[in-house]
Amino acid sequence: MKLFSYKRLSVLCGILMISMMLVACGNSGSTTGTTPAASTKPGQGCKKVGVLLPETASSARWDSKDKPLLTDGIKTALGTDTVVDYNNAGGDATVQQTQAQADLTKGDCILIVAASDSVSAGVIVTQAKAKNVPVIAYDRLIQSKDLSYYVSFDNEKVGQLQGQYVADHYKDYTKTSKNIVLINGSQTDNNALLFKKGATSIIQPLIDSGSLKSVYDQFTPNWDNDKARVEMDGALTATQNSVGVAYVANDGMANSVIASLRTKKLNGKVLVTGQDATVAGIHNILLGDQSMTVYKDISKEAKSTIDLVKAISAGTDTASLTNGAVVKTADGTSIPSILETPVSVDKNNIASTVIADGFVTKSDVCAGIPAGTNTGGVC
């Protein structure tokens, strides 16, 4: 009986060992669905990309330019079978977090996020990291040490261009009033802080010297155009309509500021800055109501982002794309970055910049311009 038991035990052991070997071989290198192996780089092999933009109220650019450039460009870069999930947060940071969570739940493996709120969007980065999903901060820096990349413009330079225009031209507008109103963007947008920093570096010395007098300086929640008009109305009331310069952070708010000035018949008599080179902004410049804007070629920003997505999906090195450039988050973390160059635009170079590039069309910006208006030969 013992001999039989030993033989039986030997057979059972042999069967067990063979079974274990078969299981091990069967599991070798296998994956479930599209979940990458543990050794795969974040985003490698990705064909599902989430694009999350912040709002539509402050600027027409997000849905009219950024959306098609990104969604179409990603499909061209990764193949027609690529899925791009697009969402716009409508200016609500909580909505954007919910949209991002939905994208992650659906299996999106790269996220492109233009933050509605630079701090709140850090939650999106944390959730994405937990799923091994890289996040590219698009246009607006996200305050997170786990952020993968940042693609934007040199936003401090944007403010410097605005401030330099004020420094170069304020004397033409301040013969009767040295008062300057500063209407900044949303304080929850890191870019707005950089715009203000850049502009202030040039405008503040003029204030310190007495060449200009600051009478109003406010951030505008959510870049709200209607709020910008209320702000300008208040500044005009407080100064008995005595304003020479209105530093305004973007074209959308500038349009509202101009509407406020128009009620006092001051449009065209106050230096007004802007940004984004929108159709409305260029139109206002041609009318003489807005002095300048800042042109940011969004196609370059989108292309740089798409190049990053393509490299991440292919698992290739991105060093040649960022070229060692970094931008630091509030906690000092260096984020690999791509920063495009902004361009100052006024009546003198509209034709050679935004129209020549096809960013806006001559027919659009000239629509409704009265005959005989001095448009510098544009219309």
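Start by selecting I180 and V245: I180 stands opposite V245 in β8. The model you're looking at is predicted, so keep that in mind as you click around. Now widen the selection to the two strands themselves. β6 covers residues 179-184 and runs parallel to β8, with four bridges between them.

Next, add the rest of that sheet. It's an open one with four strands, and the order to trace is β7-β6-β8-β9, paired in parallel. Color β7 and β9 (271-272) and look at the edges: each of these two has a single partner strand, so one side of each is left without a neighbour in the sheet. Then show α6, residues 190-208. This helix packs on the sheet and touches β6, β7 and β8. If you compare directions, α6 makes about 175 degrees with β7.

Stay around β7 for a moment and follow the chain out of it. Between β7 (213-219) and α7 (225-238) there's a loop, and N222 sits in it. Check its backbone: phi is near 60 degrees, which is positive, and N222 isn't a glycine. Most residues other than glycine have a negative phi. Is N222 buried, exposed or partly exposed? Partly exposed, with a relative accessible area of 45%.

Walk along α7 and out of its far end, and select N241. It belongs to the loop between α7 and β8 (245-248). N241 is another non-glycine residue with a positive phi, here about 65 degrees. Its relative accessibility is 32%, so N241 counts as partly exposed.

Time for the other sheet. Select seven strands in the order β2-β1-β3-β4-β5-β12-β11; they form an open sheet with mixed pairing. At the edges you'll find β2 (83-88) and β11 (326-328), each paired on one side only. Look along the sheet for the twist: neighbouring strands are turned by 25 degrees against each other on average, ignoring direction.

For a close-up inside this sheet, pick β4 (residues 135-138) and β5 (residues 149-153). They run parallel and are joined by three bridges. Label I136 and find its bridge partner in β5, which is Y149.

Now bring up α3, residues 93-106. This helix lies across β1 (48-53), β2 and β3 (110-113), at about 175 degrees to β1. Want a quick geometry check? At 1.5 Å a residue, the 14 residues of α3 should span 20 Å, and the end C-alpha atoms are indeed 20 Å apart.

Turn on side chains for A93, Q96, Q99, A100, D103 and L104, the buried residues of α3. They cover an arc of only 140 degrees around the axis, so they sit on the same side of α3. The spacing fits a general rule: an α-helix has 3.6 residues a turn, so residues three or four places apart point the same way. What do the buried residues of α3 pack against? Show β1, β2, β3 and α4 (122-130) to see their partners. Then spin the view to the face turned away from the buried side, where the exposed residues T94, T98 and T105 are found.

Finish with the two ends of α3. At the N-terminal end, select D92, which caps the helix: one of its side-chain oxygens is 2.9 Å from the backbone nitrogen of T94. Past the other end, α3 is followed by G107, with a positive phi near 100 degrees.

Definitions and conventions: Residues numbered from 1 in each chain as written. Predicted model: local features only at pLDDT ≥ 70, side-chain atom pairs only at ≥ 80, totals over all residues. Heavy atoms only, no water. Buried < 20%, exposed > 50% of the residue type's maximum accessible area, 1.4 Å probe, protein only. Pairing = 2+ DSSP bridges. Contact = heavy atoms within 4.5 Å. Axes fitted to C-alpha atoms, helices over the stretch in contact; angles between N-to-C directions. Expected span 1.5 Å × (residues − 1). Arc of directions from axis to C-beta. Polar contact = N/O pair within 3.5 Å; in protein donor to acceptor, adjacent residues only side chain to side chain.
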